[in-house]
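Q: Please take a close look at one part of this model, the sheet and the charged side chains that accompany it. Which contacts are found there, and how are the strands arranged?

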Amino acid sequence: MAIIINLQETETELFCSSKWWGDPDLPADMEYPTAPAEEDGETFDYPLTFICQINCEDIAPFDPEGKLPHEGMFYIFAGVDEYLDYESPWHNGLGVWDKKQVVVKYTKPINMETFRSAILVDDDDQPLTQPALKMTFEACV
């Protein structure tokens, strides 16, 4: 099974939809993923960059064998700030990354009434995320 991911700009609100970048829509009890970082001898939790969320209903038609959940939401976060020209406590190059710098989460059925957008902002209250792109899927030959 292989699924093609298509990305497109949109003005549509993508709350609890499949999207690349933007802000994740998390259940109320899910913590935003962080990884330990060190700077000037001080250790702290640094928020990982939100990569995407996939509403499992969107990929269900392309998974006839049922290898993936057909309800709920997948989330992917990683320490990729350096590649987006942001300041980063990590300098990841080619090769194996620290396992703490990549997080995949899953939540069972989506209840839009209890989910919230986790919006990260800088000291000036400006968003720290890239604009969200709508994700659509199609079968891969």
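**A salt bridge and the sheet beside it**

A: In this predicted model, aspartate 25 and lysine 19 join their side chains in a salt bridge, with a distance of 3.1 Å from N to O. Aspartate 25 and lysine 19 are both buried, which means that each has under 20% relative accessible area. Side chains of opposite charge can pair when their charged atoms come close.

Lysine 19 also leads into the sheet, since strand S2 covers residues 19-20. Strand S2 pairs with S10 in the antiparallel sense, and 2 bridges connect them. One of the facing pairs here is tryptophan 20, which stands opposite leucine 133 in S10.

Strand S10, made up of residues 133-139, is also joined to S1 by 7 bridges, and these two strands run antiparallel. Within this pairing, leucine 7 stands opposite methionine 135 of S10, while isoleucine 5 has phenylalanine 137 of S10 as its bridge partner. In a regular strand the side chains alternate between the two faces of the sheet.

Seen as a whole, the sheet is open and is formed by 6 strands in the order S1-S10-S2-S6-S7-S8, with antiparallel pairing. Its edges are strand S1 (3-9) and strand S8 (102-107), each of which pairs on one side only. In the strand order, S10 therefore stands between S1 and S2, and S2 is followed by S6.

Returning to the charged side chains, a search of the whole structure finds 2 salt bridges. Besides the pair of aspartate 25 and lysine 19, there is a salt bridge between lysine 67 and glutamate 65, whose closest N and O atoms are 3.3 Å apart. Whereas aspartate 25 and lysine 19 are buried, lysine 67 and glutamate 65 are both exposed.

Charge is also found at the surface without such pairing, in a negative patch formed by Glu39, Asp40, Glu42 and Glu87. Of these residues, glutamate 42 is found in strand S5, which covers residues 42-47. Glutamate 42 counts as exposed because its relative accessible area is 54%, and the cut-off for exposed is over 50%.

Technical notes:
Residues numbered from 1 in each chain as written. Predicted model: local features only at pLDDT ≥ 70, side-chain atom pairs only at ≥ 80, totals over all residues. Heavy atoms only, no water. Helix = DSSP H or I, 4+ residues; strand = E, 2+ residues; numbered from the N terminus. Salt bridge = Lys/Arg side-chain N within 4 Å of Asp/Glu carboxyl O. Buried < 20%, exposed > 50% of the residue type's maximum accessible area, 1.4 Å probe, protein only. Patch = residues over 30% accessible without salt bridge, like charges linked within 9 Å, V, L, I, M, F, W, Y side chains within 5 Å. Areas by Shrake-Rupley, 256 points an atom, 1.4 Å probe, with all protein chains shown as cover. Lys, Arg positive; Asp, Glu negative; His and termini not counted. Charge placed at Lys NZ, Arg CZ, Asp CG, Glu CD.
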